[in-house]
Amino acid sequence: MLHKKRALAAALAAGALGATALTGTVANAAPAEVNAPRVGGCVGKAFAGTLGPGKAICNGNYLVRMQTNGDLVLRVISTGMACWTSGTNRAPGGDTSAVFVGNKFGAPWVDIESESQGRLTRIVGAHTYLHFGTNANVNTRGEFWIGYKKIAGC
């Protein structure tokens with residue numbers, strides 16, 4: 001079994017597998033779209049601007065991807081299992097982005113925005129008493145944070 005997991009991880013790293021081999025299920029999670037769980041498209045561990053369609057932030061075995069169907073999804077890379085979704089999988093044509101807003105007078109947030117439909121949802125993060133949250137990120141424990149607020153985890 002361990003050999004199969006290593007082979008799957010190696011294939012993922014090489015980008016050889018499509019989403020059909022990696023589909024996982026979670027309550028209220030959107031189904032995987034073609035090429036969504038691939039590791040390609042990682043722009044780093046965090047973003048402080050815009051995360052465009054198909055792009056992801058990755059750290060260790062976890063990624064947060066802005067899927068072309070409009071859903072922001074936290075996944076386990078090795079299995080493709082979705083741990084959390086924004087629930088915005090209704091935007092056609094891949095025109096949706098996640099936009100981080102570092103608000104100094106209130107909590108930071110990420111807006112899921114569609115060019116054709118406007119803002120689909122807002123996910124609100126937090127500051128601490130002494131520090132402003134400056135990005136949205138994923139850590140090696142599979143946690144998605146906006147500023148200093150944990151939004152979801154695997």
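Which residues of the largest nonpolar core touch the most other members? In this predicted model, in which residues are numbered from 1 along each chain as its sequence is written, local features need pLDDT of at least 70 and side-chain atom pairs count only at pLDDT 80 or more, while totals for chains, interfaces and linings use all residues. Side-chain values rest on heavy atoms, with hydrogens and water left out.

The largest nonpolar core, a nonpolar core being a set of buried Ala, Val, Leu, Ile, Met, Phe, Trp, Tyr and Cys residues joined through side-chain atoms within 4.5 Å, holds 22 residues, of which Phe47, Leu72, Leu74, Ala98, Val110, Ile112 and Phe144 touch the most other members. Two or more residues are given to this core by each of β4 (62–66), β5 (72–76), β6, β7, β8 (109–114), β9 (118–124), β10 (136–138) and β11 (143–146); helices (H or I, at least four residues) and strands (E, at least two) are DSSP runs, numbered from the N terminus. Nonpolar side chains tend to be buried together in soluble globular proteins. When residues up to four places away in sequence are not counted, Ala98 is in contact with Phe47, Gly49, Thr50, Leu51, Met66, Leu72, Val110, Asp111 and Ile112, contact meaning heavy atoms within 4.5 Å.

A search of the whole structure finds two disulfides, a disulfide being a pair of cysteine sulfur atoms within 2.5 Å, and these follow the pattern 1-2, 3-4 when bonded cysteines are counted along the chain. In the link between Cys42 and Cys58, the sulfur atoms are 1.7 Å apart, and the value of -60° about the S-S bond makes the link left-handed. Because Cys42 lies in the loop between α1 (2–14) and β1 (46–47) and Cys58 in strand β3 (residues 56–59), this pair ties together parts that are 16 residues apart in sequence. Cys42 is partly exposed at 31% relative accessible area, whereas Cys58 is buried at 12%; buried means under 20% relative accessible area, exposed over 50%, and partly exposed in between (1.4 Å probe, protein chains only).

The sulfur atoms of Cys83 and Cys154 are 2.0 Å apart, and the torsion about their S-S bond is about 110°, so this disulfide is right-handed. Cys83 lies in strand β6 (residues 82–85) and Cys154 in the segment after β12 (149–153), so the pair ties together parts that are 71 residues apart in sequence. Cys83 is buried, with a relative accessible area of 16%, whereas Cys154 is partly exposed at 40%.

Asn89 is found in the loop between β6 and β7 (96–101) and is partly exposed, with a relative accessible area of 36%. Although Asn89 and Asn69 are 20 residues apart in sequence, their C-alpha atoms are 5.2 Å apart in space.
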